[in-house]
Amino acid sequence: MASTISFFDQVNLNFDKAARFTKHSEGLLQQIKICNSVYHMTFPIKKDDGTIETIHAWRAEHSHHKLPTKGGIRYSTLVNEDEVMALAALMTYKCAIVDVPFGGAKGGVQIDRKGYSLSELERITRRYTYELMKKNFIGPGIDVPAPDFGTGEQEMAWIMDTYMTMTPEKLDVAACVTGKPIAQEGVHGRKEATGKGIYFGLREACRSVEDMQILGLQPGLTGKSIVVQGFGNVGYHATKFLQEAGAVIVGVGEHNGVIHNPKGLDVEKVAAHHSETGSVLSFPGATTHPNPTHVLELECDILIPAALENQITPENAGRIQAKIIAEVANGPTTFEANEILRRRGVMIIPDAYLNAGGVTVSYFEWLRNLSHVRFGRVGKRFEESTHISMLKAVEKIAGQEFSQEAMKQLGHGPDEVDLVNSGLEDTMIVAYNQIRDTQKRHGEDVDLRTASFINAIDKIAISYMELGIFP
Ligand code: NAD
């Protein structure tokens, strides 16, 4: 049963809970919490059969305390104003948690992309971009969209092309949107960034001997059983990196059912089966369940909800067997369900922290677009020759030569993807430890979600105070 509390109100309940542990004035807290601008647009599109359909779409800019605002665009029939505002608010807190200097935003188009041809999707995306431009809701220094549920590189390329066509005189047009294909000014590592960030975040959480002992688990990712709900861009990449680190993926849930094998499912083979047959179901060696929500109740150490919000509710929270819930989707656990799980001792690694890898690397892409140069382009060869000179000097002193393989590995100068992943890893480690420190400081009343909100509120409050708006 879905919660009777709206999604935006749920985000605000989490905010209010955390705000009680801060010392900021009511006026400042209200300013941080409120959604600054919401634009609901409707526009017609001509379908391939000549009929006209009216499309409803939104863009919410939750917080202008830093500009540009930043957040994905979602294509789903479930998109509505409340959802867009809630997701925009989560973006504000997320950016603050990982020290990305943006306000939060989110967009949504109320369509099921499976019901449209590629040319119809292109017309919808380009028209949505015009509508954003008309109201000044897009631009490198204003509001910068990115992919989310139901959108990807293709839509981002159409957005950039539309924006560029309408503003050819602007130098920084490519920075109007992130998550673009590499050949269209995207950054290496963006597509897999959210999944990789989840891996870095979970690795950090599972590293703590003390925290794992409380859960009755061994430290580290090796051997941990994992179940994922949603095998799209983020669900696939997160499980791929976790499997490479030694975790065992025992269940995969999609919109039409679940596959389960306690001995483990090979992520690459499941992905190949998905793209060949259009579904994860009937994967060889796995049991298939027709009920999609069954996935949440499978036995495992770590449950990864990576589809949509409001999946873990008071109705099913008591039946969840996982010891850790790694929130990859935005808002998968309702406020009430969170309380039930907290009392049951389940560790929840919150969405606003754990899925921040996407916006972190979007930030790098935006910086790359503004500087008009690929990361590593200027220094890579120089660093490589410095490394080689040092290795040659070591060879001379040691009187022994490195193997060709070792020379190649140690002498290597960083490629763009190495630098992006290094920045992402650092971001996820630093933010996790900031959250964990806040949690420790406050004791039992504060879980990781509340701690992450406390950190976000404090950081945004400092921004407002430094602007001189609030004392
Ligand atoms: P996606 O569209 O690539 O994948 C979503 C997957 O979920 C699809 O395979 C879809 O079939 C499946 N799905 C839909 N309904 C389902 C259901 N009821 N049960 C199980 N599976 C279902 O989207 P994505 O980019 O992977 O995003 C997934 C979630 O992660 C969203 O909540 C999004 O807001 C969040 N997120 C995405 C990013 C990003 O960089 N893409 C960043 C942060 C957060």
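Trainee: In this predicted model, which residue of E8 is the bridge partner of Gly251?

Mentor: The bridge partner of Gly251 is His260. On its other side of the pairing, His260 stands opposite Thr287 in E9.

Trainee: What makes E7 and E8 a pair of strands?

Mentor: Two strands pair if there are at least two bridges between them. Four bridges join E7 to E8, so the pair meets that cut-off. The two strands run antiparallel and form a hairpin with two residues between them.

Trainee: How do you know that E8 also pairs with E9?

Mentor: Three bridges join E8 to E9, residues 287–289; at least two are required, so these strands pair as well. They too run antiparallel.

Trainee: Which way do the residues of E8 point?

Mentor: Gly257 and Ile259 point one way, and Val258 and His260 the other way. In a regular strand the side chains alternate between the two faces of the sheet. All four of these residues are called buried, a term for a relative accessible area under 20%.

Trainee: Why is the approach of Glu254 to the ligand called a polar contact?

Mentor: An N or O atom in the side chain of Glu254 is 2.5 Å from an oxygen atom of the ligand. The cut-off is 3.5 Å, so this pair qualifies. A backbone N or O atom of Gly150 lies 3.0 Å from a ligand oxygen atom, and one of His255 lies 3.4 Å from a ligand nitrogen atom; both are within 3.5 Å and therefore count. The protein covers 86% of the 830 Å² of accessible area that the ligand has on its own.

Notes: Residues numbered from 1 in each chain as written. Predicted model: local features only at pLDDT ≥ 70, side-chain atom pairs only at ≥ 80, totals over all residues. Heavy atoms only, no water. Polar contact = N/O pair within 3.5 Å; in protein donor to acceptor, adjacent residues only side chain to side chain. Areas by Shrake-Rupley, 256 points an atom, 1.4 Å probe, with all protein chains shown as cover. Buried < 20%, exposed > 50% of the residue type's maximum accessible area, 1.4 Å probe, protein only.
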